[in-house]
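Grab a pencil and work through a few exercises on the structure below. Try each task yourself before you read its solution.

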Amino acid sequence: MPNAARLCRLVLVALLTLWLASPPLARFAEVAPADAALEAALRQHIGYLASPELAGRLPGAPGAEKAAQYIAARFQRAGLRPLGEQGYRQPFPFIANVRLGRRNELAAAIGATRLTATPDADFRPLAFTADGAAEGEAVFAGYGITAAKDAAYDDYAGLDVKGRIVVTLPYSPAGSNPHTKFGPFLSLRYKATTARNQGAAALVVIAEDDDFSRSQIARLRYDDAFGDAGFPCAVVSRAFAAKLLGTPVADVEKAIAASGQPASRPLPSARLRLRTEVVKERRTAHNIIGWLEGSDPKLREEIIVVGAHYDHLGRGGPNSLAPREGDVHPGADDNASGVAGLIELAQLFGRQAVRPKRSLLFIAFSAEEKGLIGSAYFVDHPTTRGKRIVAMVNLDMIGRLRDNRLAVQGVGTSSIWRPLLTEANQRHGFDLSLSDSGFGPSDHASFYKRNIPVLFFLTGSHPDYHRPSDTADKINYAGERRILGLVGDALRAAANLPTPPDFVAPKGSDPAERARGGFRVSLGTIPDYAAEIAGVKLSGVREGSPAAKAGLQAEDVIVGLAGRDIKSVYDYTYALQALEPEQEVEVVVLRGGQRLTFKLVTARR
Ligand SMILES: [Zn+2]
């Protein structure tokens with residue numbers, strides 16, 4: 001560690017020590033209500049939020065609306081000022097559901113035979129299909145994988161699919177196992193992007209199960225990413241596909257598995273007509289936002305956000321781990337526990353005679369479970385009227401304290417966090433497990449992407465996670481009460497620091513770029529996953545990165561990379577996968593209505 005940084009840390013530690021040694025009246029714990037009263041309040045909040053009446057708090061549904069009202073009323077009682085767009089509320093749109101439209105057709109002419117597939121029985125559009133129609137000769141493209149470099153396997157080698165309708169098998173020659181060399185090429189999004197890049201007019205993927213009604217890939221469920229495939233896509237039953245191929249599907253799969261070689265071929269006697277229409281059901285969800293003004297006339301212009309998401313899974317859906325659909329997922333730990341903590345912190349700070357110097361903004365986010373949509377919307381549309389957000393503290397699943405172990409993530413996002421937490425914890429005695437990364441599957445990630453230091457408190461996963469058994473009776477209320485003591489102390493310390501927490505940039509780039517595997521390069525772009533737009537909107541670019549050097553900036557929408565059209569973040573991911581380090585490529589972006597082309601040199605990851 002450089003000496004300057006070390007000195008800086010020593011000073012911070014000294015300041016913290018001073019603060020902790022300050023008269024007890026000004027501190028958090030001493031003005032907190034009796035332990036039993038706080039635990040009773042937590043019990044009441046979690047009991048209500050996780051009750052059957054709220055039916056799992058699905059965004060856009062009545063249960064989430066009741067939760068929103070409950071939280072807003074408590075914010076008001078705590079003395080928080082409304083800082084949403086409609087009182088405490090910040091409405092935002094999201095896609096709650098997808099369903100079949102009226103115009104879905106798949107017809108085949110095989111020689112002289114005419115076949116019409118029945119929607120829902122023989123075929124179903126993919127949720128991310130583009131609405132529209134295509135007609136053309138069918139062509140069988142194996143597993144739809146083109147990975148000569150990564151897996152020495154290319155279903156498209158020597159195959160002309162231009163203007164044709166590509167028919168592929170599901171998954172890969174190694175099945176659906178993600179831990180083989182074919183891991184990055186299993187997804188339907190990959191197969192769609194690849195077929196479109198090859199010039200196909202449409203994509204038809206063969207179901208993985210002989211019983212179409214049991215096919216996982218044929219289930220119409222939205223992957224929560226905006227941006228459609230750019231052409232019609234559907235899943236077809238194995239029985240129907242066998243007629244197109246002129247042979248049982250299993251025989252083709254066995255042949256490829258046995259030889260390790262693609263078995264792609266044109267199907268000149270088969271013509272297909274595909275029309276797809278999927279209706280996206282848009283709904284409105286609400287973030288609930290309350291404001292506690294700081295006591296220092298200057299520092300009150302700086303804000304620390306305290307957040308917890310209040311939505312959950314309703315009765316199941318794609319993120320549920322329950323064996324069957326339909327039971328209420330109470331989400332007591334995930335995340336009624338965090339919301340209860342948020343409400344009680346608001347009450348405790350709101351009651352204090354001596355307020356923290358910086359302002360605190362309490363936000364209960366919605367649509368977190370659908371992909372951090374509420375928090376992403378907030379950072380895109382802040383209601384803070386020019387005040388600067390200097391830190392974000394996230395509470396998500398803090399109700400299952402076990403063996404005194406409390407996890408805190410994001411500790412590496414500011415040099416102040418580690419000493420601050422260590423000092424504060426001396427009074428609380430947790431067995432802290434600290435990790436540096438500011439990325440992670442909860443709302444703090446939306447802030448971290450905007451270069452805001454974050455802390456994420458959690459007691460960790462458990463067997464009831466995302467299941468109907470995540471109930472209020474399993475919450476460790478005494479444990480949560482103690483956690484709030486630590487969070488409150490850390491918050492007050494951060495809010496009273498003479499200078500705001502510094503931001504430490506991450507090493508490496510967005511793990512979303514990395515997570516899908518197979519990347520050799522980094523561009524340093526920070527995609528805005530919540531933008532509903534064709535292309536990839538950037539929420540920023542990393543300093544000194546290839547993207548920054550090329551001149552890309554926040555708000556740019558990438559629509560082309562290395563000669564490929566980019567219509568969704570998936571297209572972008574697959575285009576990145578194909579790049580080599582130190583390769584010069586063209587990036588096409590939309591900026592202020594103009595289409596601009598930049599040259600960019602990729603960096604080695
Ligand atoms: Zn959660």
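What follows is a set of short exercises, each with a worked solution.

**Before you start**

This is a predicted model, in which local features need pLDDT of at least 70 and side-chain atom pairs count only at pLDDT 80 or more, while totals for chains, interfaces and linings use all residues. Residues are numbered from 1 along each chain as its sequence is written, and side-chain values use heavy atoms, with hydrogens and water left out.

**Exercise 1: the zinc site**

Task: Find the protein donors of the zinc ion, and work out where His-309 and Asp-396 sit in the chain.

Solution:
- Start with the term: donors are N, O and S atoms within 2.8 Å of the metal (3.2 Å for Na, K and Ca), and water is not among the atoms, so sites may look incomplete.
- Now list them: His-309 gives NE2, Asp-334 gives an OD atom and Asp-396 appears twice with OD, at 2.0 to 2.6 Å from the zinc ion.
- Then place two of these residues: His-309 is in strand β14 (residues 302–309), whereas Asp-396 is in the loop between β16 (388–395) and β17 (405–409), so this pair, 87 residues apart, links distant parts of the chain. Helices (H or I, at least four residues) and strands (E, at least two) are DSSP runs, numbered from the N terminus.
- Check the spacing too: the donor residues follow the pattern H-x24-D-x61-D.
- Last, look at the cover: His-309 and Asp-396 are both buried, where buried means under 20% relative accessible area, exposed over 50% and partly exposed in between (1.4 Å probe, protein chains only).

**Exercise 2: the geometry**

Task: Why is the arrangement of the four donor atoms around the zinc ion called irregular?

Solution:
- Recall the rules: four donors count as tetrahedral if all angles lie between 85 and 135 degrees; four count as square planar and six as octahedral if opposite donors are over 155 degrees apart and all others between 65 and 115; anything else is irregular.
- Compare the angles: they run from 51 to 145 degrees here, which makes the arrangement irregular.

**Exercise 3: unusual backbone spots**

Task: Say what kind of peptide bond joins Asp-334 and Asn-335, then sort Ala-367 and Arg-385 into buried or exposed.

Solution:
- Keep the background in mind: most residues other than glycine have a negative phi, and most peptide bonds are trans.
- The bond between Asp-334 and Asn-335 is cis, with omega about 0 degrees. Asn-335 belongs to helix α9 (residues 332–351), and Asp-334 is also one of the zinc donors.
- Ala-367 has a positive phi, near 55 degrees, and is found in the loop between β15 (359–365) and α10 (373–380). Its relative accessible area is 0%, so Ala-367 is buried.
- Arg-385 has a positive phi as well, near 50 degrees, in the loop between α10 and β16. With 64% relative accessibility, Arg-385 is exposed.

**Exercise 4: two covered helices**

Task: How many residues of α6 and of α16 are buried?

Solution:
- For α6 (residues 188–197), nine of its 10 residues are buried, among them Leu-188, Tyr-190 and Ala-195.
- For α16, nine of its nine residues are buried, including Val-569, Tyr-572 and Gln-577.
- Next, join the two: the buried residues of α6 pack against α16 (569–577), as well as β7 (146–147), β9 (165–168), β10 (202–206), β11 (233–236) and β24 (564–565).
- Finish at the end of α6: Gly-199 follows this helix and has a positive phi, near 100 degrees.

**Exercise 5: the cores**

Task: Which residues have the most contacts inside the largest nonpolar core?

Solution:
- Define the set: a nonpolar core is a set of buried Ala, Val, Leu, Ile, Met, Phe, Trp, Tyr and Cys residues joined through side-chain atoms within 4.5 Å.
- Read off the result: the largest one has 64 residues, and Phe-362 and Phe-457 have the most contacts inside it.
- Helix α13 (residues 477–496) supplies the largest share of this core, 10 residues.
- A second, separate core holds 58 residues, including Ile-165 and Val-521.
- Zoom in on Phe-362: leaving out residues up to four places away in sequence, Phe-362 touches Phe-75, Val-306 and Phe-349, among others. Contact means heavy atoms within 4.5 Å.
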